[in-house]
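Let's take a walk through this structure together. Have the picture open beside you and follow along.

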Amino acid sequence: MSEIFEKIRKEIESNDVVLFMKGTAESPMCGFSSVVCQILDRLNVKYKDINILEGPELRQGIKDFTDWPTIPQLYFKGEFIGGCDIVKEMYESGELESLFKN
Amino acid sequence: MAIEKEELHKLLSSAFVDSEVTIVDLAGDGDHYRVEIASSEFAGKTKLVQHRMVNDSLKECLGGQLHALSIKTIIK
């Protein structure tokens with residue numbers, strides 16, 4: 001188990017909602033990341049933002065960890081929920097709100 | 001690096017049997033696309049699995065030739 005995988009695992013185990021994104025919640029550096037931040041804000045969900053631009057190991061590490069080629073990536077209770085498209089669709093269908101409520 | 005719309009269409013159509021593929025070139029630079037794929041292969045699978053299937057079919061160009069891809073899957 002690589003160091004970076006261990007770090008990611010710790011983050012998603014110790015925080016209910018984790019968003020791996022480009023930039024920070026306060027200033028997203030990518031449109032797709034920004035959309036997910038806006039959705040979480042609208043649902044009043046507190047989340048931990050992790051800026052993958054801070055290091056190449058994390059940037060590649062999260063893609064390998066999830067086996068998902070793009071950023072952002074949303075985790076809830078240690079489970080991968082999806083990227084921007086899935087989160088958006090789940091928000092529009094109300095599925096995301098009920099997920100967080102439970 | 002970029003990928004031609006026709007090439008992308010070919011990749012997706014051949015990856016999913018019985019599929020209808022719609023592609024929009026978002027920025028006109030061959031680098032940012034929105035794809036819509038309707039296929040019976042998505043039936044009974046979660047959105048996450050459906051998107052994984054699309055990602056896998058484009059594994060060779062995603063992240064390299066293809067910078068941004070917005071995916072919508074439809075069960076046919």
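In β2(B), B:Val35 is the bridge partner of B:Ile23, and that pair is a place we'll come back to; for now, start in the other chain. In chain A, the residue A:Val18 has A:Lys48 of β2(A) as its bridge partner. Before going further, some ground rules: this is a predicted model, in which local features need pLDDT of at least 70 and side-chain atom pairs count only at pLDDT 80 or more, while totals for chains, interfaces and linings use all residues. Residues are numbered from 1 along each chain as its sequence is written, and chains are lettered from A and ligands numbered from 1 in the order in which they are written.The strands and helices named here are DSSP runs numbered from the N terminus, with helices being H or I of at least four residues and strands E of at least two.

That link between A:Val18 and A:Lys48 belongs to a wider pairing. Strand β1 of chain A, residues 17–21, is joined to β2(A) by four bridges, and the two run parallel. Two strands count as paired if DSSP finds at least two bridges between them. In general, strands of a sheet pair through backbone hydrogen bonds, either parallel or antiparallel. Step back and you'll find an open sheet of four strands in chain A, ordered β2-β1-β3-β4, with mixed pairing. At its edges sit β2 (48–51) and β4 (79–82), each pairing on one side only. From one strand to the next, the twist averages 25°; such angles run from 0 to 180 degrees between N-to-C directions, using axes that are lines fitted to C-alpha atoms, for helices over the stretch in contact.

Now look at helix α2 of chain A, residues 31–42. Its 12 residues should span 16 Å at 1.5 Å a residue, and its end C-alpha atoms are indeed 16 Å apart. The expected span here is 1.5 Å times one less than the number of residues. Which residues of α2(A) are buried? They are A:Phe32, A:Ser33, A:Val36, A:Cys37 and A:Leu40. A residue is called buried if 20 or more other C-beta atoms lie within 10 Å of its own, exposed if 12 or fewer, and partly exposed in between, with C-beta atoms placed from the backbone. Seen down the axis of α2(A), the buried residues fall within an arc of 140°, so they line one face of the helix; the arc is that of the directions from the helix axis to the C-beta atoms. An α-helix has 3.6 residues a turn, so residues three or four places apart point the same way.

What do the buried residues of α2(A) pack against? They meet β1, β3 (73–76) and α4 (84–93) of chain A, where two residues are in contact if their C-beta atoms, placed from the backbone, lie within 7 Å. The face of α2(A) turned away from the buried side carries the exposed residues A:Gly31, A:Asp41 and A:Arg42. After α2(A) comes A:Asn44, with a positive phi near 60°.

Over to chain B. Along the sequence, chain B reads α-β-β-α-β, which comes to two helices and three strands. For 76 residues, a compact globule would have a radius of gyration near 11 Å, and chain B agrees with its 12 Å. That radius is taken over C-alpha atoms, and the globule rule is 2.2 Å times the number of residues to the power 0.38. Along the principal axes, the C-alpha atoms of chain B fill a box of roughly 35 × 20 × 20 Å. Of the 76 residues in chain B, 24% are buried.

Here's where B:Ile23 and B:Val35 return. Strand β1 of chain B (residues 20–25) and strand β2 of chain B (residues 32–39) run antiparallel, joined by six bridges. They form a hairpin with six residues between them, and B:Gly28 in the turn has a positive phi of about 75°. The open sheet of chain B has three strands in the order β1-β2-β3, with mixed pairing. Its edge strands are β1 and β3 (68–75), each pairing on one side only, and the twist averages 15° from one strand to the next. Eight bridges pair β2(B) with β3(B) in the parallel sense. Helix α2(B) packs on the sheet, touching β2 and β3 of chain B, and its direction makes about 125° with that of β3(B).

In the loop between β2 and α2 (47–57) of chain B you'll meet B:Glu41. B:Glu41 counts as partly exposed because it has 18 C-beta neighbours inside 10 Å. Its C-alpha atom is separated by 7.4 Å from that of B:Ile75, 34 residues apart along the chain.

Finally, see where the chains touch. Chain B brings nine residues to the contact and chain A brings five. On the chain B side, α2 and β3 are the elements that give two or more residues, and α2(B) gives the most, with four.
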